[in-house]
Amino acid sequence: MAQLKLFLSIIFSFIFITAVESIGADQKSYCPSEITKVVFLGTGTPNPDPQHSGNSVAVVVNNTPYIIDFGPGLIRKAAALSPRYGGKIPGLETKNIKRAFLTHLHSDHTTGYPDLIFTPWVMGRDEPLEVYGPEGIKAMTQHILEAYKEDIRVRLYGLEPANNRGWRVNAHEIKEGTIYKDENVSVEAFLVEHGSWPEAYGFIFTTPDRTVAVSGDTRPGKNLVEKCKNVDILVHEVYSHEKLKERTPFWQKYHPQFHTSTHELAEIAGQVKPGLLILYHQLYWGVSDEELVKEITDRYKGKVVSAKDLDVY
Ligand SMILES: [Zn+2]
Ligand SMILES: [Zn+2]
C-alpha cells in the first residue's frame, strides 16, 4: 500500500510539473533584480503634461546609469532618485551620468540634451559624455556646444571652479548591431519604423541578469518582434486604440504611421512573449492607466504594467 502511495505521488508530481512547464514554457516570468534596474525618468509625450515628464529611461546596472532618450526634465528626475535628494539609487547622482543612447532626433526625445551635457558637468562630471544615436546626432551636438560656448568659457576661465573635460561630448553615429559594450552591459541597436523618420532605433540591453528592450517610437514592424523575442522586459510606446476614433481625421491618419496602438501592441507582445511588458510614452487621450492596460490584457495574457514617472522595475 505504502509503495502504491509513493508511486501515485511520483506520478502526480510529474503530471503537475509538466503542466506548469507547459503553461510557462514560452512565457518568461518577471522577477525583481538588485543588479539591473529599469528607471522611468519621464514617460511623457510632446504634450507638456506636468504628471508625465519628458521621455527618458535609465537602465542602471551595478549602480552605473545608461540613459535612453533625453526628454526635458530628465536630470532633475534622475536626481529625485539619488540619495542627495532622498532617493535610494546612488548611481543616479548627477555627476555619474556619462553614457546615453538616443532612439531618434524628434524634439520630445532631445530637448533635454543640453541639460544632459551641462548639468552633470556643473555637478562635477570629470570626463566627456559618450552619446550614441542616429545620423545627425554629431551635428546636433556641435550646434548645442556652439550655442553654449559663452557659458563654457565663463565657467572655465571665470571664477567658478570647473574641470575642462566634463563639458565635452563624444557623439557616435550608430548602425544596426552591437553599438556598445562594457563590464555591465552590451547594447544592441535595431531599426524601427517611425513614420517619415529615415532612421529610428530601439535598443536591447543585455546585463548580467536581464535583457531589457526599449522600443523607442515605432509603428508595428517585424524587426522589433524578431530582435526582442523572449526578453525579460519589453518597454514599449503605445496609444489608446479606443480613443483614436475620437481624434480628427488628420491625426487618425498620422498615429498608425508613427506609433503603436494598444491592440497592435497586444499582438506584438503575443509574439515577443516578454517576462514583463511596460507601457511608456503613453498617449491616453483621457483613458486611465488601468483602462490602457485593459485594452491590452483583453487580448494578451502576459504581465503588463503602465509606467509612471520615477517607477523602478
Ligand atoms: Zn518620435
Ligand atoms: Zn516621441
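**Group meeting: a strand trio and two zinc sites**

Okay, so serine 186 stands opposite threonine 206 in β9. Before going further: this is a predicted model, where local features need pLDDT of at least 70, side-chain atom pairs count only at pLDDT 80 or more, and totals for chains, interfaces and linings use all residues. Residues are numbered from 1 along each chain as its sequence is written, chains are lettered from A and ligands numbered from 1 in the order in which they are written, and side-chain values use heavy atoms, with hydrogens and water left out.

Back to the strands, which are DSSP runs of E with at least two residues, while helices are runs of H or I with at least four, numbered from the N terminus. Strand β8, residues 186–191, pairs with β9 in the antiparallel sense over six bridges; pairing here takes at least two DSSP bridges between the strands. On to β10, residues 211–214: four bridges join β9 to that strand, again antiparallel. Threonine 206 stands opposite threonine 211 in β10, and the hairpin from β9 to β10 goes through four residues. How many of the six residues of β9 are buried? Five of them, over residues 201–206, with buried meaning under 20% relative accessible area, exposed over 50%, and partly exposed in between (1.4 Å probe, protein chains only).

Now the metals. For the zinc ion (ligand 1), the protein donors are His104 (NE2), His106 (ND1), His194 (NE2) and Asp217 (OD), at 2.0 to 2.3 Å. Donors are N, O and S atoms within 2.8 Å of the metal (3.2 Å for Na, K and Ca), and water is not among the atoms, so sites may look incomplete. The four donor atoms around ligand 1 subtend angles of 96 to 149°, so the arrangement comes out irregular. Histidine 104 lies in the loop between β4 and α3 and aspartate 217 in the loop between β10 and α6, so this pair ties together parts 113 residues apart in sequence. Histidine 104 is buried too, at 0% relative accessible area.

The zinc ion (ligand 2) takes Asp108 (OD), His109 (NE2), Asp217 (OD) and His281 (NE2), lying 2.1 to 2.4 Å from the ion. Along the chain these donors follow the spacing D-H-x107-D-x63-H.

Which residue coordinates both zinc ions? That's aspartate 217, and the two ions are 3.4 Å apart. Aspartate 217 counts as buried at 1% relative accessibility, and aspartate 108, at 10%, counts as buried as well.

Conventions
Tetrahedral: all angles 85-135°; square planar, octahedral: opposite > 155°, others 65-115°.
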